[in-house]
Structure formats: structure tokens, C-alpha cells
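Hello,

Here is the structure for your files. My notes come after it.

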Amino acid sequence: MNVASFFAGCGGLDLGFEQAGFNVVWANEIEPHCRATYIRNHPNTEFVLGDICRIEPKSIPDCDGFIGGPPCQSWSIGGKQNGLGDVRGLLFLKFIEIIKEKQPMFFVIENVKGILESKFEDVFEDFVARLDKAGYDVQWALLDAVNFRIPQNRERVFFVGFKNDLNVQFKFPNPTCTEPVTLEKAIGDIEESPNFLYGCNKNNRVEHKRPNHDVLASKFGSFYYRGNRRRGWQQPSFTINATAEFVPLHPSSPKMMYYGHENWNFQKDKLNKYRRMSVRECARIQTFPDNFIFEYENIKDAYKMIGNAVPPRLGYEIAKNIWRTLKHLDITPNVRIQSAKVSNNVVLVGYYKGEKHKELILKNKLYYVRSDGRKGSIFKDECAIMPQYLLLHYKCKTEIYELNSEEPLLVDASFLRTLGFITSGKTYLCFQLKSTTPKKLTDIMERSDCFQIKTSNFIPYITTIKELQELS
């Protein structure tokens, strides 16, 4: 399914949609410093640099979905909150106008929590009413990224709308974790010292094994001391914001001292031990993979791109629920989402690498297979008939699990790494387990006493129950 991205920035939301199987075919952004980063990391997307108010709607491709986060400064509690009195606030209305004219099947709009404040109540209701009048069933929710395995507290409002005539019931994703991902887990393995840069100064810059491990070295302004800017290793981060000077402190920094309301400061005898988090560390906390490279001349632009982005992992969770909502619809042939046919005779045979690997499979209720053309790959068109069962084997151990009837998701390897898996390929098909409790073989096979497989075969493959029973 094709998607167009607006106010795309460096493409965090876009990456999440791509990981969920969508094709981001067109993207628009007004900030020139985002262009090189976006093009490098989204090479298959047409990138249009310019003011969305000057782009003719007819030049925007017809797509299944429109996604984007209009500038948030008009509503942010960290700004002046001028709302529609700020020209940037009017861009929200412009986005609604484009949605109304182009009529995609669905849209996603992201913005800051401040838009929900009572002073903007009339504006908020007007936005929803305009979208409703444009022909959409609109749902909205306030989501905190920390509830979705993203190592920071970050509350954002998401509007999701589907055309009324589709008659679908969309549900926002449920939290995917009960305990927050800590800074130690997110960035604890980055032990080398970063490059300390001043604006565009790149002299004496060291190339690290992890790119973009650069830190803004300018002084901390007086505003920085109005709040606590440090969290410890066993906590999630504060929100990664777009202003470089206000980036949170690295957890190795000493604790800040509290002197009263909006009055914090550094410990005087440890001033040389305080530093902001690096560009790469902020990217990690936003769940950008390490192979997502940020291009910049001025380090402040790097922090701005990362802080303005939707965390890709949160984008993925929303996109995944949109995909599930639409997959059973009968739509025009060009965009029809085929419902997977399930056969109770078809089995995916998969090898696991040991108990730790198996624990991750069951914890995430997910089994993955390479789909990049290398040895052992299975392509999505081979799953026109979905297997109902997953047979897991390791040495002489075998267990069989029931699979969901949903089509396998095509994901980037970076997504699997965020779940704890170790991967070597580029893209993978992900099959979802219906339950983590193994099925009894006698419930599935007529002659389970003769059930055998070639345990030396480490390459996943699709077969049938009948063929498995004939291996005896």
C-alpha cells in the first residue's frame, strides 16, 4: 500500500510505516537541512523540498494513506502557544484541506500534547469537525512512547481517520511493555567518548564505529537550569526535544542539585563531568537504528531532525494496526489487500538457535524468516496460502504452535534488533504466533508416533502435515 508523507523531516514516522510493510512513495519537507538525511535513508521515495502551501495538490500522488505531523510549536507548552495566531499553526488546516481534496483511504496526524489544553478546545474540536465533514471517521489518542518499548517519556496526540464508506473499526495499539526500557539498555553499550562540536565546527572529529556520535559542546544557558535534565541509567530518558541546547544530560553525568522551583544547578566540583547526550544516543532513544545515518553540517540541525521526529517504533505500532484494519477490505484492484487463505494442512518448519532464541520468539510471539533473496529466504508471494502451524525444532527437540491467520509482515532487520534478535539479513517476513502454548501433536496429526523431520536442516521451509508424516 502506498503512502505520502507530509512535514516529513528526516522520516521517523515514514520509517515506522516502511517497517510495517507500507511503501512511502512521496514525501515533502520545507527544511533544507533534512533533505540529505531523508534521501540517504529513504532512497526509493520521491522527496520534494518546499513549502506545502505552494505545492499544487494535483502534483501529489494519489495514495492509500497520508501521514504527517504539522509543526507543533504553535501548541507546545515549551513555546508561546499562539495556536492559529502562529502561521505554523495554520499548516494543520492546510493538511486538512489536502486530505479533503485528495481523499486517501486513511490519514495519520501527529502533534504535541499541548493541543489538548483547554485554551485550544475550540480549535481542537474544529479540526475534528473539519475532518469529519471531509468524509472521515476520526479517532484520536494521547500516547506515551515509553509504553511502546521506547526509552523516553514522550506524550503525543495522534489523529487517525478512515473514509466513512469503508466502515472500519480502528483501534489504537495497546501498550507493548509493562516496564520501561532503560537508558542502560538503550545506550549503555556506547562506551567510546563522543566528538565535542560547536555548531559547524568539525575539526578534530573522530570517526566512531557508530556514526553521528557527536555532542554539542556549547555552554549551558540559564534556561537549562530551570529543571532537572538528568535521568539515571535505570530510568527512561526525558523527551528528546528539537532544541540542541536543551538536550538531556548523559546518565553518566553527576546528579543535578535542587535549590527550589525552577532552580537547579550542576555540582560545582564536578562541572567538567556534565555533557549532553550525543546525536547517536538521542537517535537510539528515538529508536532510529544505527544504520540510519544523519547528514549535517551544523550539529544543531541533527538534534533538530531527531527531536522533531516521531519515534519509528511508535510509527510502526500505529501503522501495523492500520494495516490490520484495512487488510480484510475489498478495495479497487490496484490497492486491494488480499486476505490470507489459511490451510490447516500447511506448516512452516523453523529452526531456533537455542533456549534464549526460543524465549525471544515466544516473548514477542513472532517467528521471522529471511526475505532478501539470500539462502533460506521465503518471499511473501509464497504465502498465498498461509501456514496454520509453526513447527520449531532444535537438535532433537520439536514443538508445534498455532499461527495467526494474518499475512506475514515484511520488516527491516532493524525492527527485529529492537526486539532483541540478532540478525544478519536485510528484510524478513514475520509470522505471528496465536499462542505461546505448544499444540499436542495428537490434535493435529493422525499418526504422531511416526512424526519426524530432518533436524539438520537449518533453513526454514513450508510443507504439509501429510509430508511430515511421510518422513518416517
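Below are notes on the sheet, the core and one helix.

This is a predicted model, with local features needing pLDDT of at least 70, side-chain atom pairs counting only at pLDDT 80 or more, and totals for chains, interfaces and linings using all residues. Residues are numbered from 1 along each chain as its sequence is written, and side-chain values use heavy atoms, without hydrogens and water.

Sheet. Seven strands form an open sheet with mixed pairing, in the order β3-β2-β1-β4-β5-β7-β6. The edges are β3 (46–49) and β6 (136–144), each paired on one side only. Twist averages 15 degrees from one strand to the next. Strands are DSSP runs of E, at least two residues; helices are runs of H or I, at least four. Two strands pair if DSSP finds at least two bridges between them. β1 (residues 2–6) and β2 (residues 23–29) run parallel, joined by 4 bridges.

Core. The largest nonpolar core (buried Ala, Val, Leu, Ile, Met, Phe, Trp, Tyr and Cys joined through side-chain atoms within 4.5 Å) has 64 residues. Buried means under 20% relative accessible area, with a 1.4 Å probe and protein chains only. Phe-17, Phe-22 and Ile-322 are among the residues with the most contacts inside the core. Helix α8 (residues 312–326) gives the most to this core: 7 residues.

Helix α7 (residues 299–308). Its buried residues include Ile-299, Tyr-303 and Met-305. The buried residues of α7 pack against α2 (35–41), β8 (195–197), β9 (214–216) and α6 (279–285), with contact meaning heavy atoms within 4.5 Å.

Best wishes

Note on methods: Axes are lines fitted to C-alpha atoms, for helices over the stretch in contact, and angles run from 0 to 180 degrees between N-to-C directions. Buried means under 20% relative accessible area, exposed over 50%, partly exposed in between (1.4 Å probe, protein chains only).
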